[in-house]
Amino acid sequence: GELLIRLLARLRRIGWSAWDPIGLDGMPGWPEDEYDQYLLRVASCLAEGRRPDELAGYLARIECEHMGLGERADTQDRAAVTVAAIARLLREGAAEP
């Protein structure tokens, strides 16, 4: 219920502020769930005990290959920061507003 909705909202904030591979943040007309499937997969894998570096690699591959954007200077850093933020969120829970 409410906890899941709050968790998803915080995941989306992380995805849009830390990752946003397409560079859509702030552009009108894009659905807020644009990155949900990737962020939820990272959260799920972290909860199962997968390694953060492995999941940062997953996000980088999504950006470079699946989205076809190629690797940029900040690709790896953005992916690592995103995974770290999701890991922090999972540790803290979604209790905070």
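This report walks through helix H4, the nonpolar core, the ring pairs, the salt bridges and the cysteines of a predicted model.

## Before you start

Residues are numbered from 1 along each chain as its sequence is written, and side-chain values use heavy atoms, leaving out hydrogens and water. Because the model is predicted, local features need pLDDT of at least 70 and side-chain atom pairs count only at pLDDT 80 or more, while totals for chains, interfaces and linings use all residues.

## Helix H4 and its neighbours

Let's begin with helix H4, residues 75-92. Helices here are DSSP runs of H or I with at least four residues, and strands are runs of E with at least two, numbered from the N terminus. The expected span of a helix is 1.5 Å times one less than its number of residues. For the 18 residues of H4 that gives 26 Å, which agrees with the 26 Å between its end C-alpha atoms. Just after H4, Gly 93 has a positive phi of about 80°.

Several H4 residues are buried, including Thr 75, Ala 79, Val 83 and Leu 89. Buried means under 20% relative accessible area, exposed means over 50%, and partly exposed lies in between (1.4 Å probe, protein chains only). Among the elements that cover the buried residues of H4 are helices H1 (2-19), H2 (36-47) and H3 (52-66).

## The nonpolar core

A nonpolar core is a set of buried Ala, Val, Leu, Ile, Met, Phe, Trp, Tyr and Cys residues joined through side-chain atoms within 4.5 Å. The largest one has 25 residues, and those touching the most other members are Tyr 35, Tyr 38, Val 42, Leu 46, Leu 59, Val 83 and Ile 86. H1, H2, H3 and H4 each supply at least two residues of this core.

Leu 59 is a good residue to look at: leaving aside residues up to four places away in sequence, Leu 59 touches Trp 19, Tyr 38, Val 42, Ala 79, Thr 82 and Val 83. Contact means heavy atoms within 4.5 Å.

## Aromatic rings

The whole structure has three aromatic pairs. Rings of Phe, Tyr and Trp (its six-membered ring) pair if their centres lie within 6.5 Å; planes under 30 degrees apart are stacked, over 60 edge-to-face, and the rest tilted. Trp 16 and Tyr 35 make a tilted pair, with centres 4.8 Å apart and 45° between the planes. Trp 16 sits in helix H1 and Tyr 35 in the loop between H1 and H2, 19 residues apart. Both are buried.

Trp 19 and Tyr 38 have ring centres 5.9 Å apart and planes at 75°, so this pair is edge-to-face. Trp 19 is in H1 and Tyr 38 in H2. Ring pairs link Trp 16, Trp 19, Tyr 35 and Tyr 38 into a cluster.

## Salt bridges

There are nine salt bridges, each a side-chain nitrogen of Lys or Arg within 4 Å of a carboxyl oxygen of Asp or Glu. Arg 12 in helix H1 meets Glu 32 at 2.9 Å, N to O. Glu 32 lies in the loop between H1 and H2, so the pair ties together parts 20 residues apart in sequence.

Arg 78 and Glu 63 form another, with their closest N and O atoms 2.6 Å apart. This one links helix H4 to helix H3. Arg 78 is buried at 13% relative accessible area, and Glu 63 is buried at 0%. Both belong to a network of salt bridges with Arg 72 and Asp 74.

## Cysteines

The search finds zero disulfides, a disulfide being a pair of cysteine sulfur atoms within 2.5 Å. Why is Cys 45 not bonded to Cys 64? Their sulfur atoms are 18 Å apart, too far for a bond.
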